[in-house]
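Good morning. Please have a look at the sequence and the model before I go through two parts of it.

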Amino acid sequence: MAQFPRVGDVFGRYRIDAQIGQGGMGVVFSATDTAFDRRVALKVVSAALGGSAEFLARFEREAALLARLNSPHVIAIFDYGEQDGCPYLAAQYVGGGDLGGLLAARGPMPPKLAAEVCAQVADALADAHRAGVVHRDVKPTNVLLRDADTLDVHAYLCDFGIARTDSEGLTAPGSVSGTWSYLAPECGTGAPGTVSSDLYALGCLLWAALTGKAPFGGTDVEIAIAHQQAPVPQLADSPAGDPFTRHVNAILANTLAKDPRARYADADAVRTDLLAAAAIPSTGVRPVPTAPPAVTPDRVSLDRISLGSLPPGSPLPPPRRRRTALVVAATCLAVLAVAGGIVAVTLTGDDPSGPASPGADPTTSTSSGSDSPSPSLEPPPVVGPVTGDLDGDGIGDVALREFVQPKKGQPKEGRGAYQLFSWTSTGSAFVDPAKRPDPSPTDVNRDLALGDLDGDDVLETIAVDTPARRGAITVTAELSSGSSLSQRLPRPTGGTYVTQFPTDADGDGDEDLLLLAWGKKAMRLWVATSTGTAPHTKLRDPRPVISIGTGYEDSEVEVGDFDGDGLADVAVLTTSDDPDRNYHYSSTLEVHLGRATGGFVSDGEPRTFPSTIGHAFVSGDFDGDEDIELGLVQDRDTFMQIGVLDHGDSGMRRPKGWGLLPMVANSFYDSDIAVGDYDGDGLDDILAIGPSATPKVSELQVALSTGKRFDNATTWATWRFDLVDTYGTEAFGETFP
């Protein structure tokens, strides 16, 4: 019969000195190991659990694994086994108490100390994860402290969930393991503990160390719902901007993302960022009490930075906003040829005051002792115009330009009219639809784009009109400086039609125009540099920079700063019409990197990869690193498969799967694809437009980026318009349908 020990008993080689903790699975004693004359923490499991063969087997397996861990911040396991019918584990004794008790007694930790302690816990998790051990219950009471009364605190992570009932964290299939206040959203629905869920709990621990309380309060049900739905808790920045706060807010956003795929990849990365944060002075932190910033569920923070790359004590640089204009190209001959052809203009930006998600508010506390209301977060400093922000509201919107064919019986040439449809984004839906006529001439091919030609960091709409057959092109724009631009330029040769890409081609900080002359069999890229001098901004005559030996039937072109050097680069994707013997198609990607001279050089050998006929080629900052990535949207019958290509040291990498999206329309060729930051989180998203199942009604669906993949698409707006045929929705330089 099992004999559970009491204080004063001898339990095997251990003398029970005092009881220091108790739970549903057993008791923790302070004991003396008589074989080595050392003090240990002795956990003895209840006889009820000890009688289960399955429990004993799992207990011994995990105890043996933990005993092999060699980490300065993981409690050492000295011995484990069974005595008098009760499983036990003898571990290193730490006499400074636990972090939970310290926070309860003294309140929030100083910011530097909080970051250092959590960095030590991250170090412990990194060692454990490398050994294949997932903690499952990271929380303040499982962080023991040595020398808690000094500035040189040493933290130990203990209690890896070896001997717990299902309700307390034993990893039985389908059970909820962990403590609700520190439990990752996926674990709250019964998913097993993982490396990612440990990192989520570490983010909760960081919040608790800084504020004195867990991120969310209430009943277990309310806390679980908050983990699922509430905005990621953030600290309130000061009006002058506090670098420590911005560092920590980025760490919180990247650990507490609702989607595990949007969190840090490993604990080492968290540790690096925490140590960098600890090196930044801070006068105190306060949580945002009622108005959390726009760090929405499943999103990586707008301020995501490789904090570990900064030397200790370095000030945090402001988030850099790309000066890349959002290109809106209208392939007007194609549009004129069909009824209801459309061209989409995507107006994108960042909305730091977007709507908050429902759920519990983060617990309010302060480590500075101030009871005054916390100031609202200021938007991060912006260098250059916010991407595509035409109306200055700081969040992505959508406008559609549609050509209405003449009615039956009217002559087709020179008749018809353009109309502009627009929606404003709330961050989760497109609202306030508007419609107005667009007096575009019908005897030229008009191409629209957003750019900052006068260099005042405000975007303007730029129009390039190309005569149908011959003659000079005309560039017009109402500049934000108050003047207007209307300039005739020599027509670029090498193709019948001209598409513009406003971008900085020579690195002088002013946007120029890349002009792509394209035809059926060949294309040529020209650059017209800007004087950038407001209010008399002018464009120099275009000069050729790249010749492309294929035309729009085989090739597509994208422009963006792929390598992050501040200069525009060019990508050419060519897909052969001829499949191989197994009827598989392939695409070849050539990248030309921009140089400060305004020219381009080849970025190594072309890359070839499997592809399909009939895909969309787009670009945007999908992962929030401020460089532009390429997106390849391919037809997979009832789904659209999205692959993202990022630039590395050896050139553009192969496409990486970022998700499958349901087809908006019955056919891939009836769906248009655009790119924009529609929720204002600093990550570019995917917009699909197409006819819905309801006659004469079209849908606008958005798939939001998590920074690592795209979420499931949801309908953000319906449009009472019959899209008989659709053509390429142009964003970030996509040129062809």
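Which residue in strand 23 is the bridge partner of threonine 575? The partner is serine 587. Keep in mind that this is a predicted model.

Now the strands around that pair. Strand 22, residues 569–575, runs antiparallel to strand 23, residues 585–594, and 6 bridges join them. Strand 23 is also joined to strand 25, residues 607–611, by 5 bridges, again antiparallel. There, threonine 588 stands opposite threonine 608 of strand 25.

Strand 23 has a further antiparallel pairing, over 3 bridges, with strand 24, residues 600–602. In that pairing you can find histidine 592 opposite serine 602. Strand 23 and strand 24 form a hairpin with 5 residues between the strands. In this hairpin, glycine 598 has a positive phi, near 95°.

The second part is a pair of helices. How far apart are the axes of helix 5 and helix 7? They are 8 Å apart, and the helices pack at an angle of about 145°. Helix 5 covers residues 195–211, and helix 7 covers residues 243–255. Their crossing is left-handed.

Which residues make the contact? From helix 5 come Leu199, Tyr200, Gly203, Leu206, Trp207 and Leu210. Helix 7 supplies Phe244, Val248, Ile251, Leu252 and Thr255. Sorted by class, this contact has 9 nonpolar residues and 2 polar ones, with no charged residues.

That is the end of my part.

Technical notes. Residues numbered from 1 in each chain as written. Predicted model: local features only at pLDDT ≥ 70, side-chain atom pairs only at ≥ 80, totals over all residues. Heavy atoms only, no water. Axes fitted to C-alpha atoms, helices over the stretch in contact; angles between N-to-C directions. Helix = DSSP H or I, 4+ residues; strand = E, 2+ residues; numbered from the N terminus. Left-handed = near helix turned anticlockwise from the far one by under 90°. Contact = heavy atoms within 4.5 Å. Nonpolar A, V, L, I, M, F, W, Y, C, P; charged D, E, K, R; others polar. Pairing = 2+ DSSP bridges.
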